[in-house]
Amino acid sequence: KNEQMWEDYMMEDAEICVVAFGIASRVAKNAVVAARAEGIKVGLIRPITLWPFPTAAFEKAEGVKAFISVELSMGQMIEDIELAVKCKKPVYLCSRTGGMIPAPEEVLAKIENVNEGGDK
């Protein structure tokens, strides 16, 4: 428990939580700011340690209705997020592979879609 490290951003009233680490977290943070400008209550959890996964960060996310994992992989972090929230909330994926970094607009589109009840 003492080794878990994370940063949270705009999580105070978040209904959607974006989870991203590394360079993807910089992109995700820009998308969170843009979504907030549209009135969407979204925040960010940025794991600093992936092992141990910062499950304590998710204990504070009680008002969150859905999570979006932003990754430069095929969704390897989704299971960690699901375990952290005890599979009580849906977890969606927004990813790019092959070294391609997603644009903030792609992450924003995913946030908007989840906010509207979609899961694309």
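**T49, S25, two cores and a pocket**

Me: In this predicted model, the side chain of T49 reaches the backbone oxygen of P52 at 3.0 Å; what makes this a polar contact?

Reply: The cut-off for a pair of N or O atoms is 3.5 Å, with one atom able to donate a hydrogen and the other to accept it. The side chain of T49 reaches the backbone oxygen of P52 at 3.0 Å, which is within that cut-off, and therefore the pair is called a polar contact.

Me: Which backbone atom lies 3.0 Å from a polar atom of the side chain of T49?

Reply: That atom is the backbone nitrogen of M5, and because 3.0 Å is again within 3.5 Å, this pair too is a polar contact. M5 also appears among the contacts of T49 beyond four places in sequence, together with E3, Q4 and P54.

Me: T49 lies in the loop between β3 (42–47) and α2 (55–59); why is T49 called buried?

Reply: The relative accessible area of T49 is 14%, and buried means under 20%, so T49 is classed as buried although its place is in a loop.

Me: How do you know whether S25, in helix α1, is buried or exposed?

Reply: S25 has a relative accessible area of 5%, and since exposed would require over 50% while buried requires under 20%, S25 is therefore buried. Leaving out residues up to four places away in sequence, S25 touches A20, L44 and R46.

Me: What makes a set of residues a nonpolar core, and which residues have the most contacts inside the largest one?

Reply: The members must be buried residues of the nonpolar kinds, joined through side-chain atoms within 4.5 Å. The largest such core has 21 residues, and those with the most contacts inside it are V18, V42, I68, V70, V107 and I111. Elements giving two or more residues to this core include β2 (16–20), β4 (66–71) and α4 (104–115), while α1 gives the most, with six residues. A second, separate core of 17 residues includes M11, I45, A84 and V91.

Me: Why are five residues in the lining of the largest pocket called charged?

Reply: The largest pocket, with a volume of about 160 Å³, is lined by F58, E59, A61, E62, F67, A84, V85, K86, K88 and K89. Because Glu and Lys count as charged, E59, E62, K86, K88 and K89 fall in that class, and the lining has five nonpolar, no polar and five charged residues.

Technical notes:
Residues numbered from 1 in each chain as written. Predicted model: local features only at pLDDT ≥ 70, side-chain atom pairs only at ≥ 80, totals over all residues. Heavy atoms only, no water. 1 Å grid on protein atoms, 1.4 Å probe; cavity = no way out; pocket = protein on both sides within 12 Å on 5 of 7 lines; lining within 4 Å. Points joined across faces, edges and corners; volume = space filled by probe spheres on them. Helix = DSSP H or I, 4+ residues; strand = E, 2+ residues; numbered from the N terminus. Buried < 20%, exposed > 50% of the residue type's maximum accessible area, 1.4 Å probe, protein only. Contact = heavy atoms within 4.5 Å.
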